[in-house]
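Trainee: I'm new to this one, and I'd like to know where the labels come from. Can we go through it together?
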Amino acid sequence: MPNAVCNITEEHIETFNRDGLVCLRGVIAPEWMETLRTGVERDLARPGENVEVYTSPGDPGYFFNDFDLWTHIPEMKDFAFNGPCAEISARLMASVHVNLFFDHLFVKEPGTEGKTHWHQDQPYFAVDGTKLCSNWIPLDPVSSDNGFEFVPGSHKWGRWFAPFDSMKDGSRYAGEDFERCPDIENNRDDYEIRTFDMQPGDVLFFHALVVHQGQSNPRTAQRRRAVAHRWLGDDTRYAVRNPPSEFPKIPAGVLPGQAFRDVPEFPLIWSSAGAQGAHA
Ligand SMILES: O=C(O)CCC(=O)C(=O)O
């Protein structure tokens, strides 16, 4: 499926660098949105081995989480390999190459109470380097009550916050490497917090160190499905965390400090020197 030309402007790049996040409007064509919807329903019906459901029977709603969908769902592979997001990420990060780390699905059915509490992504990942970003694509309209919140500029704080159980009760597990994330939720007035009203086709691109949280879905008549992709740029390398990073699995044989560009399990999707989706 052809992609519309990605009109990434200097202003988008500046916003991404300054705030750690940029919202791009209408960049995913309706046909691609349909591809994602089909892929999401396929995964909900037959999840992969990484699936986690955070709601219990009797809880309101349904909070479903899965990743590496592209490895078993053709629509998700098609979008990740041939959709516009790898190239956009490369341009925003000024990266010559972009490899796919993993794709990630968040479904919060109507009434789901689970937030994805304030966190940065990079401390969860066994990845060092500065060119690491994600995109977040809502498949349903979102706003401040059920969308994505972030603290602009927090990727430049020079702080790394320890991973914790961000999608269940927000409790934390011990980490040796990083400090604890401050309690932003109970001190919201101390922070600049931004959110966006988004329609299907809009995408957020954000740096892996920007502090953010995903809202729950208090709406009783509307689903809240979102697909994210994690993109590895030129300077990303395997880093061993303490305790070890839980996901995604790093293949045996990858050595600390090794460039991800050379790891076939994280396929090269876009390169300024060659065609997109060359490894499909
Ligand atoms: O959709 C959500 O609730 C959370 C998304 C998120 O934290 C992420 O994609 O990194």
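Trainee: What makes the Arg224 side chain and the ligand a polar contact?

Mentor: Keep in mind that this is a predicted model. A polar side-chain atom of Arg224 lies 2.8 Å from an oxygen atom of the ligand. The cut-off is 3.5 Å between N or O atoms, so the pair counts as a polar contact.

Trainee: Which other side chains reach an oxygen atom of the ligand that way?

Mentor: Lys108 has a polar side-chain atom 2.8 Å from a ligand oxygen, and for Arg230 the distance is 3.1 Å. Of the ligand's own accessible area of 300 Å², the protein covers 99%.

Trainee: Which residues are around the ligand?

Mentor: Among them are Phe106, Lys108, Thr116, His119, Asp121 and Trp136. The list also includes Phe206, His212, Gly214, Arg224, Ala228 and Arg230. To get in, a residue needs a heavy atom within 4 Å of the ligand.

Trainee: Which strands supply at least two residues each to that shell?

Mentor: Those are E4 (97-108), E5 (116-119), E11 (212-214) and E12 (224-232). E12 gives the most, with 3 residues. By class, the shell has 4 nonpolar, 4 polar and 4 charged residues.

Trainee: How do you know that E8 and E11 pair?

Mentor: Two strands need at least two bridges between them, and E8 (residues 148-150) and E11 have 3, so they count as a pair. The sense is antiparallel, and Phe150 stands opposite His212 in E11. That is the His212 listed around the ligand.

Trainee: Why are E5 and E9 called edge strands?

Mentor: The open sheet has 4 strands in the order E5-E11-E8-E9, with antiparallel pairing. E5 and E9 (194-195) each pair on one side only, and that makes them the edges.

Trainee: How many cavities of 30 Å³ or more does the structure hold?

Mentor: There are 2. The second largest has about 30 Å³ of space.

Trainee: What lines the second largest cavity?

Mentor: Its lining is His97, Asn99, Leu232, Gly233, Asp234, Thr236, Phe260 and Arg261. By class, that is 2 nonpolar, 4 polar and 2 charged residues. Gly counts as polar in this scheme, so Gly233 goes with the polar ones.

Trainee: How do you know that the bond between Asn242 and Pro243 is cis?

Mentor: Look at omega, which is about 0° for this cis peptide bond. Pro243 is found in the loop between E13 (237-238) and E14 (268-271).

Trainee: What is omega for the cis bond from Phe247 to Pro248?

Mentor: Omega is near -15° there. Pro248 is also found in the loop between E13 and E14.

Trainee: What makes Asp68 worth a look?

Mentor: Its phi is near 60°, a positive value in a residue other than glycine. You'll find Asp68 in the loop between E3 (63-67) and H3 (74-82).

Note on methods:
Residues numbered from 1 in each chain as written. Predicted model: local features only at pLDDT ≥ 70, side-chain atom pairs only at ≥ 80, totals over all residues. Heavy atoms only, no water. Polar contact = N/O pair within 3.5 Å; in protein donor to acceptor, adjacent residues only side chain to side chain. Areas by Shrake-Rupley, 256 points an atom, 1.4 Å probe, with all protein chains shown as cover. 1 Å grid on protein atoms, 1.4 Å probe; cavity = no way out; pocket = protein on both sides within 12 Å on 5 of 7 lines; lining within 4 Å. Points joined across faces, edges and corners; volume = space filled by probe spheres on them.
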